Amino acid sequence: MGYCRLSPSSEPKSKLRQRFKVDRPISPPEKKDKITITIHLTPFNRAALVLSIITIQIVVHLYLSTLYFSAGDGFLPLIPVSVSTSCKEGLVYVYDLPKSFNTDLLRGRDALDNRFMIEETYSNDGFGPHVSSDFVSIIPSRFLSAWYATDQFAAEQIFHRRMLNHPCRTSDPTIATAFYVPFYVGLAVDRHLWNLAATPEQRDQDCFQLLRWLQDQPPFRRSNGWDHFLTISRITWNFRRQPGESWGSSFLVMPGMQNVTRLIIERSPWDSMDVAIPYPTSFHPHSAMQLQDWQNFVLEQDRRTLFGFAGAARPKIRGDFRSLINRSCEEAGSACRSVDCSDIKCLHGSAGTLELFLDSDFCLQPKGDSPTRRSVFDCMIAGAVPVFFWRETTRGQHSWFFPKEGGEDEWSVFIDRKKVRRGIVNIRKFLEGIGEEKLRKMRERVVDMIPRLVYAAGARGLGEGMEDAFDIALKGIFARFKEQKKRWR
């Protein structure tokens, strides 16, 4: 979705005249003698007139203040009660939640790693701090402003900021097409996620309070949540705790959440209200021109390594597939490089992983703690072709952002992990057999997809009509709600 512009009418002048019943040119008014009118006011009347003018100015100023809000890029207008002609897909209303449901959650330290302050991790509107000097030797200086140390769970803050700055955001809930709930549920649940002593009530406390607040809002009561959506920055399995279980929250199975659409980094294949969105990477271009420049840069890279892998082996897991990948990489010699992510050096994006993916033709993508992982997106924005070993990594996941199912071989490679385990398939030989011509076409397809996988740094996106992941997500929301509304009638 691009900027909200009013376009001049494209109707022929004859039709415009017909519409307003203009049958002939209007003659200029006849020139008349000037008449001077003098009004005599008493001192009391003059004071009352001045006071009235000042009062009107104050009222107008206060009204305009409700239509504007402070944002990172200045003061951006809200759409009042009239519908903008260029927001044809719809208008979005952003709830002004109590701060305890979002910004207050940014205080304190990271629950998993006490070394990190949450507010610093999600600074710069969720993007995090700018990257370290390590990147200077890896990418040209003109791209450094677009790279941040972004946490993979930052989607809630990134979406909230873009929603507040969206040109089709309205201040009037009675004309809204969609309602955005800026609840930082990932942070709320994360406070207790790693605390094994936390009770189910503690894990669900913020979620219960949010739903109680939301169910009191007239728009929610009117639609029962069908035109509401929110962003969830963690995988769906962290919010589906069943009775008797101890891990995570039961947010997504609570009464009141059945009809709410969730934009989430990994969805449940069995829940149609989940919509998978790309994991945030560290690349946030400021403009369409900068992104196109990056696409040309990664397309022209001199890649000296056939395949690479960034990840940590998990030897405590019986039959750990990542350990098998590491062995395959060692056996491949110079054809493979790996980055060991067993410590924090791969956290929030790193120079080492970017360098690896820029140098590799292919990047190996076994599943993470669940079928998907951020590394898929890190490798693709670097122009490397992803290699999958589980169909679930892509199937039924990011369908709004990846090409339609059935065409995965245009931009990715699938190798059956069972055949690798049995020694039937050798990863190096398999990838060498793809050939230069097909590899070139696959890389071009991957590079062409990059805009759909990144979140722009600009408050209103990339501009010039280029859509990023946020734009595609919101466009999908509008289309989804339009279709659902047909079923309500």
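Which residues of helix α9 are buried? In this predicted model, F321, R322, S323, L324, I325, S328 and C329 are the buried residues of α9. The close-up views below begin with the sheet against which this helix packs.

**View A. Five strands make up an open sheet with parallel pairing.** The order of the strands is β9-β8-β10-β11-β12. At the edges lie β9 (336–340) and β12 (413–414), each of which pairs on one side only. Strand β8 (residues 305–311) is joined to β9 in the parallel sense by five bridges, and A310 stands opposite V339 of β9.

**View B. Helix α9 (residues 321–331) packs on the sheet.** The helix touches β8, β9 and β10 (360–365), and its direction makes about 150° with that of β8. Besides these three strands, the buried residues of α9 pack against α12 (417–421) and α13 (427–432). At the start of the helix, a side-chain oxygen of D320 comes to within 3.3 Å of the backbone nitrogen of R322. Just after the helix, G333 adopts a positive phi of about 65°.

**View C. Strand β11 (385–388) is paired with β10 in the parallel sense.** Four bridges connect β10 and β11; L364 has V387 of β11 as its bridge partner. In a regular strand, side chains alternate between the two faces of the sheet. In β11, V385 and V387 point one way, whereas P386 and F388 point the other way, and all are buried.

**View D. Helix α14 (residues 436–449) has a buried side and, on the other side, exposed residues.** The helix comprises 14 residues and spans 20 Å from its first C-alpha to its last, close to the 20 Å expected at 1.5 Å a residue. Its buried residues are L439, M442, R443, V446, V447 and M449. These residues lie on the same side of α14 because they cover an arc of only 155° around the axis. On the other side of α14, K441 and D448 are exposed. The elements covering the buried residues include α8 (288–299), β10, α11 (375–381), β11 and β12.

**View E. Strand β6 (residues 261–264) is covered on both faces.** T261 and L263 on one side are buried, as are R262 and I264 on the other. Strand β5 (residues 228–232) pairs with β6 in the parallel sense over four bridges, and the bridge partner of I232 in β6 is I264. Strand β7 (residues 274–276) also runs parallel to β6, to which three bridges join it. In that pairing, R262 has D274 of β7 as its bridge partner.

**View F. Q484, a residue of helix α15 (residues 469–488), is buried.** Q484 counts as buried because its relative accessible area is 4%, and the cut-off for buried is under 20%. Apart from residues up to four places away in sequence, Q484 touches W226 and M273. The side chain of Q484 reaches the backbone oxygen of W226 at 2.9 Å. D227 and Q484 are 257 residues apart in sequence, and 8.3 Å apart in space from C-alpha to C-alpha.

How values were computed:
Residues numbered from 1 in each chain as written. Predicted model: local features only at pLDDT ≥ 70, side-chain atom pairs only at ≥ 80, totals over all residues. Heavy atoms only, no water. Buried < 20%, exposed > 50% of the residue type's maximum accessible area, 1.4 Å probe, protein only. Helix = DSSP H or I, 4+ residues; strand = E, 2+ residues; numbered from the N terminus. Pairing = 2+ DSSP bridges. Contact = heavy atoms within 4.5 Å. Axes fitted to C-alpha atoms, helices over the stretch in contact; angles between N-to-C directions. Polar contact = N/O pair within 3.5 Å; in protein donor to acceptor, adjacent residues only side chain to side chain. Expected span 1.5 Å × (residues − 1). Arc of directions from axis to C-beta.
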